[in-house]
Amino acid sequence: MLVHSRSTNQSFTFEQAAQNRQTNLNTTFVLPFVQTASEDSVFTETFKTDSYILHNTIKLRENFGVLEKIKNAEQAPKILGFPLDEEGYLTAIFNKAAGIPENFRIHSETILSMMDKWNHTLTSEEILTHFQQKYERLNEILGESFQNKTEHYTQKELDSLPQAFFTSNGDYNGQIKELLYIDNPKLDNYFLGGAIVGVKESPSYWRLLGLPAPNSPTQIPISIIPNEFELKNATWGAQKYMDDNGNFSKSGLLAFATSLVDMQFDSPILEFKANAYHAIQEGTMTIEEYVKQYVKGDFIENVKQREMHEHITKTQIAFASWLKDKGFSEKDLSEMKEEDFQSLQKNFHDLLYAYERMKEEEKYSESQLIFFDPEAFLLQLFASHEALDPKLLDTPDSLFEDIERKRALEDERYQPKKKDKETLTQKVKNAGAALAKVEQFLKTA
């Protein structure tokens, strides 16, 4: 890079400028990239503490080493325009812009995770605001144990802190209503990735669907301290915030907060669920009313997002109805392995897709006065469509039979239920009937 001197109208390399430092201390140099940089750019911010900047120039007086600093900053890797150190952590430049103390070390993996979560639609301003808000909330809740902590927490120290909290509207920045410590039974459930998941027990299908279980609605606590499940499934670089002994840093608590809380789409959903929980507890809303309002999604302002939400939740509720008709109880599904539950879900979606295709083909045949054989059509569809797995068609029956055998072993007086074998056509129609049942339910006031 060449450095241009206004006083002599000459250009120098870094080496030449350094050699003449004694004679150039009072010379104003115009750096090529600085000529076009804005006053609030990362480059400008880098040098404010060591030099005097005026009209996109850098005046070198006592600290001529700023040239080397500029060179290093220009060549350093960056994310969102903010430089990273050699280990991939953001520097004090990012911290200052985000309004967090300089001693926090946020790793680039955390930022990349946030961007990936929102399909790279987040702006740098939104990310900075997110970090600032989460820092202020953690500072408020954890107090001196957060403010004065220099490095890492031991597990014992983490266990002594509040593990989660409730707010009045379900939003991270809402009014705090309650702090939950490690022995609080309300920590048995927490909110993650759009579904309520059990921490100390196997997940039930109601929690996986993100709906309150019948007659036992679940309030949603907001986590502060990551538990074993959250660390194991972390995508935000959790290991970057641990020392060799597995102790977790306070920078990691901030990174965890930014990874867990959604800023856009889920925010109105969280607020609705929190308000609905209180309404159900107070007896001013029934589960049926909750389901209807939740599916309709009037609390989501964006029309396309609201339509998508309605489609997804109608299918979720239809799935729950289909499971019930198959003979599975909530206890059965709560004790079920997650992979078995996912197979059931895949089975239902395959059948529902086949149902929609069958209805389209049936309508077309009627318009063309062509004979339509639904069984032959479905057999061909499952045999030729790569996304449909014929092997999954027996999953509900085999799982139900396994559960019946388990019941018989647990209680010798129990009499297993006999089920008739369904044809493929019947299974497809039953999936469609489950969805139609939900649509009819939502139409009735």
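This is a short talk on one protein chain, from its overall make-up to a few helix contacts and single residues.

Hi everyone, and thanks for coming. Please keep in mind that what you see is a predicted model.

Let me start with the whole chain. There are 21 helices and 14 strands in the protein chain. It has 445 residues, and buried ones make up 46% of them. About 24500 Å² is exposed, with carbon and sulfur atoms supplying 49% of that area. What about contacts along the sequence? Taking contacts between residues at least 6 apart in sequence, 61% join residues at least 24 apart.

Now to helix packing, and I'd like to spend most of my time on α18. Two packed helices are described by the angle between their axes and the distance between the axes. I'll give you both for each pair.

Let's take α16 first. This helix covers residues 303-326, and it packs on α18 at an angle of about 110°, the axes being 11 Å apart. With the range for roughly perpendicular running from 65 to 115 degrees, α16 and α18 are therefore roughly perpendicular to each other. Which residues make the contact? From α16 we have Thr315, Ala318, Phe319, Trp322 and Leu323, and from α18 there are Phe341, Leu344, Gln345, Asn347, Phe348, His349, Leu351 and Leu352. Sorted by class, this contact of α16 with α18 has nine nonpolar residues, four polar ones and no charged ones.

Next comes α19. Helix α18 spans residues 338-367 and helix α19 spans residues 374-384; their axes come within 10 Å and cross at roughly 130°. That angle makes α18 oblique to α19. The crossing of α18 past α19 is right-handed. On the α18 side, the contact is made by Asp350, Leu351, Ala354, Arg357, Met358 and Glu361, while α19 brings in Pro374, Phe377, Leu378, Leu381 and Phe382. How do these residues divide by class? The contact of α18 with α19 has eight nonpolar, no polar and three charged residues. If you were listening for repeats, Leu351 of α18 is among the residues in the contact with α16 and is also among those in the contact with α19.

The third partner is α20, residues 395-410. The axes of α18 and α20 come within 9 Å, crossing at roughly 145°. Here the crossing is left-handed. Asp340, Ser343, Leu344 and Asn347 of α18 make this contact together with Thr395, Pro396 and Leu399 of α20. By class, the contact of α18 with α20 comes out as three nonpolar, three polar and one charged.

Before we leave this region, have a look at two loop residues. Leucine 369 sits in the loop between α18 and α19. Its phi is positive, about 55°, although this residue is not a glycine. Is leucine 369 buried or exposed? Its relative accessibility is 80%, so leucine 369 counts as exposed.

The other one is glycine 327, in the loop between α16 and α17. At 22% relative accessibility, glycine 327 counts as partly exposed. Phenylalanine 400 is 73 residues away from glycine 327 in sequence, yet the two C-alpha atoms are 7.3 Å apart. Not counting residues up to four places away in sequence, glycine 327 touches Asp332, Phe400 and Arg407.

Let me move to another part of the chain. Helix α13 covers residues 250-260, and eleven of its eleven residues are buried. Among them are Lys250, Leu253, Phe256 and Leu260.

Serine 249 belongs to strand β14, which covers residues 248-249. With 9% relative accessibility, serine 249 counts as buried. Which residues does serine 249 contact, leaving aside neighbours within four places in sequence? They are Glu151, His152, Tyr153 and Tyr241.

My last residue is leucine 142, in helix α8, residues 124-142. Since its relative accessibility is 6%, leucine 142 counts as buried. Leaving aside neighbours within four places in sequence, leucine 142 is in contact with Leu161, Pro162, Ile224 and Leu253. For proline 162, which is 20 residues apart from leucine 142 along the chain, the C-alpha atoms are separated by 7.4 Å. Leu253 takes us back to α13, where this leucine is one of the buried residues.

That's my tour. Thanks for listening, and I'm happy to take questions.

Terms used. Residues numbered from 1 in each chain as written. Predicted model: local features only at pLDDT ≥ 70, side-chain atom pairs only at ≥ 80, totals over all residues. Heavy atoms only, no water. Axes fitted to C-alpha atoms, helices over the stretch in contact; angles between N-to-C directions. Helix = DSSP H or I, 4+ residues; strand = E, 2+ residues; numbered from the N terminus. Parallel < 35°, antiparallel > 145°, perpendicular 65-115°, else oblique. Left-handed = near helix turned anticlockwise from the far one by under 90°. Contact = heavy atoms within 4.5 Å. Nonpolar A, V, L, I, M, F, W, Y, C, P; charged D, E, K, R; others polar. Buried < 20%, exposed > 50% of the residue type's maximum accessible area, 1.4 Å probe, protein only. Areas by Shrake-Rupley, 256 points an atom, 1.4 Å probe, with all protein chains shown as cover.
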